[in-house]
Each structure stands twice: as C-alpha cells, then as structure tokens.
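I opened this notebook to keep track of what I looked up, beginning with the aromatic rings and moving on to the pockets.

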Amino acid sequence: KYDYKTIGADLASPANNHLHPYGLICHSELLKLWEYTGDTYYLSRAADNLACFQQFIARYDGDFNARTSMVSEQWYHTNWNHPKGSMLQLAHAWCAGMILYANLSAQEFGDIIIDAESREIYALDNLQIKETEYLDPDLVITLANQSYSDQIVKIRHSKLGVTGEIKLTALEECRVLIGGNTPKVEYLEIDHWEN
C-alpha cells in the first residue's frame, strides 16, 4: 500500500521480529569508518539505513494514520504478530530522535557525497538521485527534493572536500554540474513538479 522500501532497515531480533530504526545510533560511526578506510561499504550502509527511515515521517495529520512528525517503531516484514507490510500504529520519541541524530551527524559529511575512487554517489538526506552523467572530469547529477520543505544541499567530493551548496525548494528537481578536479557546483536546469 505504501511502497515502503526496507533496504537499510535493521531487525530487532529473531524473538522480536520487526524492523526498526535503532541501527541509526551508529550512523556517525559508519560515516567515520568510510572516511578513515575509504571503503564505500560503510558509506552505502549509512545512506541506506537513513533513507529507509526517512520514508515514514508523517508529513501532516492523517498521513498513514499518524499525526504530524510521528515515526513508527515497528515495521512488519513477515507475518509475526501483525500482518506483513503493516506497521505499529504507535510512535516512540526515540524513533524520531534516531532520525534526527543521524541527520545531524551526517551534516559534517555533506548531503550528497561523491566517492572519487568508485565514482559512486550517495544521498545522506531526503533526496533522490534520479540520474548521473559523467563529463570527465566533471559530473552532472539530477536531484529531486521529494519533501514539502526547502533544503540547502551540501555536496562533498571525497578528494576535494565540500565543493559547494545548492538550494532546492520543496518538490523541486534540478540538474547540477559538480567539478571533478576543482571545487565547483553550478545549476544547469531547474524544474518544479507536483507530487
């Protein structure tokens, strides 16, 4: 019904069979492991874990039967004590707190990260990377802000550091040129769309 993507979720335990956001407690450590080792496995896991739980923050009262900003503590991926595909209709403050903590810890790393070695691109914010195009040594990416809020997006290159920032208004999609040898970020095209 909600098209919820479970990639990045973590399992509570075999005896308590549901997915929950508690793994976000080690989000900053995963990012630091990537930074120290250069192994994108850690960066990818951090990005997947955060993206998984950013999907279900109630945007308004009544959004999936929740109140504004509520976050469930349990998603059922099996028929355990609730039907598969459902979620606990109860929010715990720590669930929203884990998402806030992960978002805050990601701020020092950037919202979009380009790994120079693998040439992979990772989103650490509620953004969709729709398309990538390499124009050696530069890169053009199409980003979509799927939220109802404006965002300042910090773009980081693993070798060059933070290369710049762009502002994406709510429900905006844009093409951005990112420098591969010198720090630069340029808007190429902006499109506003309705969700």
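**Aromatic rings and pockets**

I began with two phenylalanines, and I noted that Phe56 and Phe64 are both buried. I am working from a predicted model, so every entry here describes a prediction.

I then searched the whole structure for aromatic pairs, and the search returned seven. One of them joins Tyr22 and Trp94, whose ring centres are 5.5 Å apart and whose planes make an angle of 75 degrees, an edge-to-face arrangement. I looked up where the two partners sit, and found Tyr22 in the loop between β2 (19-20) and α1 (27-37) and Trp94 in helix α3, so that the pair links distant parts of the chain, 72 residues apart. Are these two residues buried, exposed or partly exposed? I wrote down 42% relative accessibility for Tyr22, which therefore counts as partly exposed, and 32% for Trp94, which also counts as partly exposed.

I went back to Phe56 and Phe64 for their geometry: the ring centres lie 4.5 Å apart and the planes stand at 65 degrees, and because an angle over 60 counts as edge-to-face, this pair is edge-to-face. Which residues form one aromatic cluster with them? I listed Tyr4, Phe53 and Trp75 alongside Phe56 and Phe64.

I also checked for a charge over a ring, and recorded that the charged end of Arg45 sits over the ring of Tyr41, at 4.9 Å from the ring centre.

Next I turned to empty space, and I entered about 1,400 Å³ for the largest pocket. Its lining has 41 residues, and those closest to the centre of the pocket are Ala51, Gln54, Gln55, Asn126 and Gln146. I asked which elements give two or more residues to this lining, and they are α2 (40-54), α3 (93-106) and β5 (127-135). The largest share comes from α2, which contributes six residues. Sorting the lining of the largest pocket by class, I counted 21 nonpolar, 13 polar and seven charged residues.

My last entries concern the second largest pocket, for which I noted a volume of about 280 Å³. It is lined by 13 residues, and those nearest its centre are Tyr4, Trp75, Tyr76, Gly85 and Ser86. I recognised Tyr4 and Trp75 from the aromatic cluster listed above. By class, the lining of the second largest pocket divides into six nonpolar, four polar and three charged residues.

How values were computed. Residues numbered from 1 in each chain as written. Predicted model: local features only at pLDDT ≥ 70, side-chain atom pairs only at ≥ 80, totals over all residues. Heavy atoms only, no water. 1 Å grid on protein atoms, 1.4 Å probe; cavity = no way out; pocket = protein on both sides within 12 Å on 5 of 7 lines; lining within 4 Å. Points joined across faces, edges and corners; volume = space filled by probe spheres on them. Helix = DSSP H or I, 4+ residues; strand = E, 2+ residues; numbered from the N terminus. Nonpolar A, V, L, I, M, F, W, Y, C, P; charged D, E, K, R; others polar. Phe/Tyr/Trp six-rings, centres within 6.5 Å; stacked < 30°, edge-to-face > 60°. Buried < 20%, exposed > 50% of the residue type's maximum accessible area, 1.4 Å probe, protein only. Lys NZ or Arg CZ within 6 Å of the ring centre and 35° of its normal.
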